[in-house]
Amino acid sequence: MKPCDSSQHCMMEIKKAPPPYRTSDKTSFARISATDRWPIILTGAIDDLHRTVIACDGDEQRKEGKTILEKLTTLKYELQHNRHMTFLVDDGQPDIEGYTKELEALGHPKWLDVPWLYAECYLYRRMSTFFTPSQYWKSYDVFARQKMSTFKSSRPAILELATKYKELIAELSDDQPITKSPPDLENAEKVLFTEMMEICLWGNATDLSLLTSLTYEDLQKLQGSEARKQSEKNILVNDLPAVYKVLKDAQKNGKQDRRVDIVLDNAGFELFVDLILAGYLLSADLATQVVLHPKSIPWFVSDVIPADFAELLNTLANSHAFDSTPHDDSEHSATSSPLSEAEIAALSFLFQHWNGLHQEGRLTIRPNRFWTHGGSYWRLPTSAPTLYTDLQASELVIFKGDLNYRKLTGDAMWDPNTPFQTAIGPLASNLRTLALRTCKADVVVGLPQGVDERLRGEYGGDPQCRKWAWSGKWAVVQFCDGKDGRE
């Protein structure tokens, strides 16, 4: 396997890799995304900014906001009318050059005939160029309001997990004599590890870039313990036993520094469960440090940026925040009852525990501009060598969600039986890579023979269309030990 030189900005970064999914393919989710989802997302961004601009007190800020609104409207027009994609305005960030060279190499394509992965990254990166050069709107996130609203709408699942987490941490910290035999104890630990990882897996069932008309009840059904149990049968590949063995062996061998990295996906409830997982790994001594990798700019509607951490922790610290309406226009605006004392205590414990881990340096945040580049993660060794070297020091690197999976596999039209380690290219060496992914795009690899055919049959039997992989109902948990026993 040969990684692409970052200066070439080619899409074919692995020899003999299949071509990427394109927005011109009417049988793929790429086309639906470009024609249906992206205009809706842009409309939501325009509405959010318009609402904020109207509320501005300063004339200069309002004027600048209106200019950004015009740029967003122009972008939406170009997309809906299939215009040629234009070069990004240089906002002073080094990744602009990469986007420019990629666009040149693609021959200045139109919106509806371009590799899906590049086009979607370009969309959000271009939106960012409207804000970052401004005076008053540099750090404005047009998706922040929606992310927090959706987080509060997850109140039942948040309270359930908060209560269980408080009990779990107390149990892990208990100095009472152990009554279980070593085999029984390890089996119990393995079951708990699996449960925590699957909570983290299904936590990204709430993906705002895919939610367009779900009701409050529908949103709650995506979360909670019963939903997780029902979804276990929908994990098509599950490599968690191998992952547990790696972490447990490192612990048993007395390794001092055992870091786990999590390349984050969505904010809100998913970030909440990511923090649940991080706290559990540290408290169970399966890791000595957890590093969280957010995006640097508003990205794919719901992706985590650094500001989302503060917003989430502030919400936990202020229990009355959950008394507000789930959605501004929700018919359920009067249904929220005050939290009980036990629920308030559980949320307060979460805030104090996670804040304490952060203060101790055991739970850290490291954004990097590489995560918002326009290409695949096959380019990591050449485009971001410092980051690549840093990740090699990790015991395990967890990639959360659908976009990270698409980038791991180049969003290419792989045969679904292709081994996971083949599809992730250079990341199959020197890294321990774990993908936690609920399927919301066409690309999927590592499936057992016959699974793709069976699921296609359940979704209409179209041999040209993998509709089963679009809904988030099915998941894969795939692991590649690129260190292969080496340290």
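# A predicted model: sheet, helices and salt bridges

Q: How many of the five residues of strand β3 (residues 289-293) are buried?
A: In this predicted model, strand β3 is largely enclosed by the rest of the structure. A residue counts as buried when its relative accessible area is under 20%. The strand is described as largely enclosed because, of its five residues, the number that are buried is four.

Q: Which strands are the edge strands of the open sheet, each pairing on one side only?
A: The open sheet has seven strands with mixed pairing, and their order is β1-β7-β6-β5-β2-β3-β4. A strand at an edge pairs on one side only, and here the edge strands are β1 (235-238) and β4.

Q: What is the average twist of the sheet from one strand to the next?
A: The strands of this open sheet follow one another in the order β1-β7-β6-β5-β2-β3-β4. Passing from one strand to the next along that order, the twist averages 15°.

Q: Over how many bridges do strand β2 (residues 259-263) and β3 pair?
A: In the order of the sheet, β2 is followed by β3, and residues of the two strands stand opposite each other, including Val260 opposite Val290 and Asp261 opposite Val291. The two strands run in the parallel sense, and the number of bridges over which they pair is five.

Q: Which residue of β4 stands opposite Val291?
A: Strand β3 is also joined to β4 by three bridges, and these two strands run parallel. Val291 of β3, which stands opposite Asp261, also has a residue of β4 opposite it, namely Thr364.

Q: Which helix makes a right-handed β-α-β unit together with β2 and β3?
A: The two strands of this unit, β2 and β3, pair in the parallel sense. A helix, made of residues 269-283, completes the right-handed unit with them, and that helix is α11.

Q: What distance separates the end C-alpha atoms of helix α10 (residues 240-252)?
A: Helix α10 has 13 residues, and at 1.5 Å a residue these should span 18 Å. The model agrees with that expectation, because the end C-alpha atoms lie apart by 18 Å.

Q: Which residue just after α10 takes a positive phi?
A: Helix α10 has a number of buried residues, among them Leu240, Val243, Tyr244 and Leu247. Just after this helix comes a residue whose phi is positive, at about 75°, and that residue is Gly254.

Q: What relative accessible area does Asn82 have?
A: Asn82 is found in the loop between α2 (59-80) and α3, and its phi is near 50°, a positive value in a residue other than glycine. Most residues other than glycine have a negative phi. Asn82 is partly exposed, because its relative accessible area is 24%.

Q: Is Asp411 buried or exposed?
A: Asp411 lies in the loop between α16 (401-408) and α17 (420-423), and it has a positive phi of about 50° although it is not a glycine. A network of salt bridges links it with Arg37, Glu120 and Arg406. Its relative accessible area is 0%, so Asp411 is buried.

Q: How many residues apart are Arg125 and Asp95?
A: Arg125 forms a salt bridge with Asp95, and their closest N and O atoms are 2.7 Å apart. The pair links distant parts of the chain, for Arg125 is in helix α4 (residues 116-131) and Asp95 in helix α3 (residues 95-105), and their separation is 30 residues.

Q: How many residues apart in sequence are the parts that Arg379 and Glu102 tie together?
A: Arg379 forms a salt bridge with Glu102, with the closest N and O atoms 3.0 Å apart. Arg379 lies in the loop between β4 (363-365) and α14 (380-383), whereas Glu102 lies in helix α3, so the pair ties together parts whose separation in sequence is 277 residues.

Q: What is the relative accessibility of Glu395?
A: Glu395 forms a salt bridge with Arg432, and their closest N and O atoms are 3.2 Å apart. Arg432 is in strand β6 (residues 432-438), and Glu395 is in the loop between α15 (385-392) and β5 (396-400). Arg432 counts as buried at 5% relative accessibility. Glu395 likewise counts as buried, because its relative accessibility is 2%.

Terms used: Residues numbered from 1 in each chain as written. Predicted model: local features only at pLDDT ≥ 70, side-chain atom pairs only at ≥ 80, totals over all residues. Heavy atoms only, no water. Salt bridge = Lys/Arg side-chain N within 4 Å of Asp/Glu carboxyl O. Buried < 20%, exposed > 50% of the residue type's maximum accessible area, 1.4 Å probe, protein only. Pairing = 2+ DSSP bridges. Right-handed = clockwise from strand over helix to strand, strands pointing away. Expected span 1.5 Å × (residues − 1). Axes fitted to C-alpha atoms, helices over the stretch in contact; angles between N-to-C directions.
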